[in-house]
Amino acid sequence: NNDSYGLDCALVAANAGAEAIILCDTNGGTLPWIIEEKTRLVLEALPSHVQVGIHAHNDAGLAVANSLAAVRGGATIVQGTINGVGERCGNADLCSILPALELKKDVLINQDISTNCQLDHLTDLSRFVDETLNLAHEDSRLYVGASAFAHKGGLHVSAVAKDSRAYEHIEPELVGNAQRVLVSELSGRANIWS
């Protein structure tokens, strides 16, 4: 909450030879537009050779949004964990950040970025981490959950059969996931024919 003190600390570190300054939202409650603004301000104040990064916690459910906002503000380093695993409410989930940076970079920022990752293995990696930690893999996980590209409402299934972009923002295979059509009390003819 003390912007001038925080900036002074960043400048002292940069002048002492730090190659990167990582901004931290340690209580996880800062809003994305504030993160973007403060990232831009810090970046403008630092020597050009110093990179700026972000480390966000998820206490307000904003760690992914804050990480992406920091990138929009000029951050070139993003810290996070697979599945957002971390203390309290978790950290920024790389399973959401990496696809956003790779697949939506044209609308996210005006610079070319590379995550240097194989997105088509992301779903398997997410499941592996949960299995290793003895956690149930959440079907509702963004991008990598079993429900991320699942459809069961008749109208939804009919629309997806005609143009999957109506209900899917990316092709599931890009992140190693798959489209699923379920049969339930909400189903229509398209569920059976597909």
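Strands β1 (residues 20–25) and β2 (residues 51–56) of this predicted model run side by side in the parallel sense, joined over six bridges. Two of the partnerships are easy to find on screen: A20 is matched with Q51 of β2, and L23 has I54 of β2 as its bridge partner. Between the two strands the chain travels through helix α2 (residues 32–45), and the resulting β-α-β crossover is right-handed. The two faces of β1 can be told apart by their surroundings: I21, L23 and D25 form the covered face, whereas A20, I22 and C24 form the uncovered one.

The pattern continues on the other partner of β2. Here β2 pairs with β3, again in the parallel sense, over three bridges, and H55 stands opposite Q79 of β3. The chain passes from β2 through α3 to reach β3, in a β-α-β crossover that is right-handed. 

G73 sits on this path, in the loop between α3 and β3. Is G73 buried or exposed? Its relative accessibility is 5%, so G73 counts as buried. Beyond its close sequence neighbours (those up to four places away), G73 touches E36, T39, R40 and L43. Helix α2 spans residues 32–45, so these four contacts can be looked for along that helix.Across the structure, the C-alpha atoms of G73 and F149 are 31 Å apart, with their positions 76 residues apart in sequence.

Helix α4 (residues 94–103) offers a clear case of burial. Eight of its ten residues are buried, so the helix is largely enclosed by the rest of the structure. The buried residues are L94, C95, S96, I97, L98, P99, A100 and L101. Which elements help to cover them? Among them are α3 (63–72), β3 (77–79), α5 (105–108) and α6 (122–132). At the N-terminal end of α4, D93 acts as a cap, with a side-chain oxygen placed 2.8 Å from the backbone nitrogen of C95.

The loop that leads from β3 to α4 contains N83. With a relative accessible area of 8%, N83 is buried, because anything under 20% is classed that way. Setting aside neighbours within four places in sequence, N83 is in contact with D93, C95, S126, V129, D130 and R141. Two of these residues have already appeared at the start of α4: D93 provides the cap, and C95 contributes the backbone nitrogen that the cap faces.

Helix α6 is also the home of T123. T123 is buried, and its relative accessible area is 0%. Apart from residues up to four places away in sequence, T123 touches Y143, V144, V175, G176 and N177.

A contrasting environment is found in helix α1, where N15 is located. N15 is exposed, with a relative accessible area of 65%. In sequence N15 and L46 are 31 residues apart, while their C-alpha atoms are 9.0 Å apart in space.

Attention can now turn to the open space in the model. The largest pocket has a volume of about 710 Å³. Its lining is made up of 24 residues, and D3, G6, L23, C24 and K38 lie nearest the centre of the pocket. Which elements each supply at least two residues of this lining? They include α1 (3–15), β1 and α2. L23 links this pocket to the strand pairing described above: L23 is among the residues nearest the pocket centre, and L23 is also the bridge partner of I54 in β2. C24, another residue nearest the pocket centre, belongs to the uncovered face of β1.

Seen as a whole, the protein has eight helices and five strands. From the N terminus on, these elements follow the order α-β-α-β-α-β-α-α-α-β-α-β-α. The C-alpha atoms fill a box of roughly 65 × 35 × 30 Å along the principal axes. Of the 194 residues in the protein, 38% are buried. Among contacts between residues at least 6 apart in sequence, 63% join residues at least 24 apart.

Technical notes:
Residues numbered from 1 in each chain as written. Predicted model: local features only at pLDDT ≥ 70, side-chain atom pairs only at ≥ 80, totals over all residues. Heavy atoms only, no water. Buried < 20%, exposed > 50% of the residue type's maximum accessible area, 1.4 Å probe, protein only. Helix = DSSP H or I, 4+ residues; strand = E, 2+ residues; numbered from the N terminus. Contact = heavy atoms within 4.5 Å. Polar contact = N/O pair within 3.5 Å; in protein donor to acceptor, adjacent residues only side chain to side chain. Pairing = 2+ DSSP bridges. Right-handed = clockwise from strand over helix to strand, strands pointing away. 1 Å grid on protein atoms, 1.4 Å probe; cavity = no way out; pocket = protein on both sides within 12 Å on 5 of 7 lines; lining within 4 Å. Points joined across faces, edges and corners; volume = space filled by probe spheres on them.
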